[in-house]
Amino acid sequence: MQADNVRARLAMLARDFLIALALVSVTLLPLGLRAAGVVMVAIPLSLAMGLAGLWALGFTLNQMSIAGFVVALGLLVDDAIVVVENIARHLREGAERSAAAIAGTGQIALAVLGCTATLLLAFLPLLNLPEGAGKFTRALPLAVVLTVLASLLIALTIVPFLASRFLPREEH
């Protein structure tokens, strides 16, 4: 019974993952296909890092952890979108690729960190629920916390690197 439920939840997660990719691409079309592609890299990387973190902490993939990943899907691209948009702005203004990535990320790193901290503060108390209820639900907030932390790390490291390489540069 649990295995069937997990399979059904994984199918829903895959569907939600594809929907998230489609929405990101549509949302970022005004910024360009390359920017959307850079942002979309953050989605599977964040989920993979969240899954690896769960495994490292001894949690299994179950209904609660999959529900946590579904919740995290809606949250994890925000950081990457903000970073890519700011780097693209610097590139449009004529900055060199590396300088645009460094300045664009540096200007908004504190804001991105603050937004992520707000999300984490909403889910961290759920990790400390007592007794049976806490033990049963702990995988959900842990999946969200690990995936959102992974998203922050990716948004401040991998996304600027990819943006500096793939976004079009305004030539003057």
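Here are a few notes on the pocket, the salt bridge and a surface patch in this predicted model.

1. Start with the largest pocket, which has a volume of about 150 Å³. Eleven residues line this pocket, and the ones closest to its centre are Leu 31, Ala 88, Arg 92, Leu 167 and Pro 168.

2. Where does the largest share of that pocket's lining come from? Helix H2 takes that place, with three residues. H2 spans residues 33-56. Helix H4 (78-92) is worth a look too, since H2 and H4 each supply at least two residues of the lining.

3. As for the character of the lining of the largest pocket, it's a mix: six residues are nonpolar, four are charged and one is polar.

4. On to charge pairing. The count of salt bridges comes to one. The partners are Arg 89 and Glu 93, whose side chains meet at 3.1 Å, N to O.

5. How do the two partners sit with respect to the surface? Glu 93 counts as exposed because its relative accessibility is 51%, and the cut-off for exposed is over 50%. Arg 89, at 29% relative accessibility, is therefore only partly exposed, as that class lies between 20% and 50%.

6. Last, have a look at the nonpolar surface patch made by Leu 10, Leu 51 and Leu 61, about 220 Å² in area. Of these, Leu 51 belongs to helix H2, the helix that also gives three residues to the lining of the largest pocket. Leu 51 has 39% relative accessibility, so it counts as partly exposed.

Key
Residues are numbered from 1 along each chain as its sequence is written. This is a predicted model: local features need pLDDT of at least 70, side-chain atom pairs count only at pLDDT 80 or more; totals for chains, interfaces and linings use all residues. Side-chain values use heavy atoms; hydrogens and water are left out. Patches are made of residues with over 30% relative accessible area and no salt bridge: like charges are joined within 9 Å, nonpolar side chains (Val, Leu, Ile, Met, Phe, Trp, Tyr) within 5 Å. Accessible areas come from the Shrake-Rupley method with a 1.4 Å probe; for residues, only the protein chains shown count as cover. A salt bridge is a side-chain nitrogen of Lys or Arg within 4 Å of a carboxyl oxygen of Asp or Glu. Helices (H or I, at least four residues) and strands (E, at least two) are DSSP runs, numbered from the N terminus. Buried means under 20% relative accessible area, exposed over 50%, partly exposed in between (1.4 Å probe, protein chains only). On a 1 Å grid over the protein atoms alone, a cavity is a set of points where a 1.4 Å probe fits but cannot get out, and a pocket is an open set with protein on both sides within 12 Å along at least five of seven lines; lining residues have an atom within 4 Å of a point. Grid points are joined across faces, edges and corners, and a volume is the space filled by probe spheres set on the points. Ala, Val, Leu, Ile, Met, Phe, Trp, Tyr, Cys and Pro count as nonpolar, Asp, Glu, Lys and Arg as charged, and the others, Gly among them, as polar.
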